[in-house]
Amino acid sequence: MKKPFMLTMAAASLGGLLFSPTSASAEDKVDFAKQILPIFETKCMKCHETEHTDATGKLKKPKSGFVMDTAEGLKKGGKEHKEKTLVAGKAADSALYTMTTLAITDEMVMPPDGKADPLTDAEKELLKKWIDQGADFGTWTKLEKK
């Protein structure tokens with residue numbers, strides 16, 4: 001008697017997971033402009049923005065040729081990692097993610113010591129989730145200068 005009941009309950013639970021409007025819902029999707037861009041602005045843009053002349057008249061070039069203030073620049077990658085900088089759907093293969101997870105003492109960790117605070121565990125997890133979900137930029141194309 002218990003087996004049919006258990007099977008029925010398991011099927012009902014599985015059906016709920018498969019057809020529930022909340023499973024894999026939009027609320028689980030990482031929003032680039034609201035959740036990822038603020039991380040990039042505070043932790044990365046100081047060194048990785050489009051070439052420009054600063055307030056003192058000095059020409060500033062993006063480190064390693066990696067531009068992070070445009071979707072095109074993020075997709076293109078830098079001189080070192082090129083197409084492996086951001087591999088949509090594969091955070092583990094994306095230098096953008098893996099370099100933030102290196103030991104703080106590693107010379108390749110991003111951001112480098114003294115440039116910005118390291119990403120928190122929550123920020124790293126959010127970045128990983130965004131990349132694994134396909135690195136969708138939504139309607140964002142570039143950072144608007146303030």
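On the side of helix α2 turned away from its buried residues, K34 and T42 are exposed in this predicted model. The buried residues of the same helix are F32, I36, L37, I39, F40 and K43. Seen down the axis of α2, these buried residues fall within an arc of 150°, so they line one face of the helix. Such an arrangement can be read against the general geometry of the fold element: an α-helix has 3.6 residues a turn, so residues three or four places apart point the same way. The cover over the buried residues of α2 includes α3, α4 and α5. At the start of α2, a side-chain oxygen of D31 comes to within 3.1 Å of the backbone nitrogen of A33.

Helix α2 belongs to a chain of 146 residues, of which 32% are buried. The protein chain has 5 helices and 2 strands, and from the N terminus on these elements follow the order α-α-β-β-α-α-α. Among contacts between residues at least 6 apart in sequence, 50% join residues at least 24 apart. The chain exposes about 10,000 Å², and carbon and sulfur atoms supply 59% of that area.

The largest nonpolar core has 24 residues, and those with the most contacts inside it are F32, F40, L74, L96, L127 and W130. At least two residues of this core come from each of α2 (32-43), α3 (71-76), α4 (95-98) and α5 (121-132), with α2 giving the most, namely 5 residues. L127 illustrates how these elements meet, as L127 touches I36, F40, L96, Y97, T100 and L119 when residues up to four places away in sequence are not counted.

Aromatic side chains were examined next. A search of the whole structure finds 7 aromatic pairs. In one of them, the rings of F32 and F40 have their centres 6.0 Å apart and their planes at 65°, so the pair is edge-to-face, given that planes over 60 degrees apart are counted in this way. F32 and W130 form a further aromatic pair, which is tilted, with 5.1 Å from centre to centre and 40° between the planes. Because F32 lies in helix α2 and W130 in helix α5, this second pair ties together parts that are 98 residues apart in sequence. F32 and W130 are both buried; for F32 the relative accessible area is 2%, and F40 likewise counts as buried at 2% relative accessibility. One aromatic cluster is formed by F32, F40, W130, F137 and W140.

A polar residue is also found on the buried face of α2. K43, which is located in helix α2, has a relative accessible area of 13% and is therefore buried, the cut-off being under 20%. The side chain of K43 reaches the backbone oxygen of P118 at 3.0 Å. Leaving aside residues up to four places away in sequence, K43 touches P111, A116, D117, P118, L119, T120 and E123. L119 is thus in contact with K43 and also with L127.

P111, one of the residues touched by K43, lies in the loop between α4 and α5. The peptide bond that joins M110 and P111 is cis, with omega about -10°.

Backbone geometry was also considered at two residues with positive phi. K82, placed in the loop between α3 and α4, has a phi near 45°, a positive value in a residue other than glycine. At 46% relative accessibility, K82 counts as partly exposed. A135, which is found in the segment after α5, has a positive phi of about 50° although A135 is not a glycine. In contrast to the partly exposed K82, A135 counts as buried, at 8% relative accessibility.

Definitions and conventions. Residues are numbered from 1 along each chain as its sequence is written. This is a predicted model: local features need pLDDT of at least 70, side-chain atom pairs count only at pLDDT 80 or more; totals for chains, interfaces and linings use all residues. Side-chain values use heavy atoms; hydrogens and water are left out. A nonpolar core is a set of buried Ala, Val, Leu, Ile, Met, Phe, Trp, Tyr and Cys residues joined through side-chain atoms within 4.5 Å. Buried means under 20% relative accessible area, exposed over 50%, partly exposed in between (1.4 Å probe, protein chains only). Helices (H or I, at least four residues) and strands (E, at least two) are DSSP runs, numbered from the N terminus. Contact means heavy atoms within 4.5 Å. Accessible areas come from the Shrake-Rupley method with a 1.4 Å probe; for residues, only the protein chains shown count as cover. A polar contact is a pair of N or O atoms within 3.5 Å; within protein, one must be able to donate a hydrogen and the other to accept it, and residues adjacent in sequence count only if both atoms are side-chain atoms. The arc is that of the directions from the helix axis to the C-beta atoms. Rings of Phe, Tyr and Trp (its six-membered ring) pair if their centres lie within 6.5 Å; planes under 30 degrees apart count as stacked, over 60 as edge-to-face and the rest as tilted.
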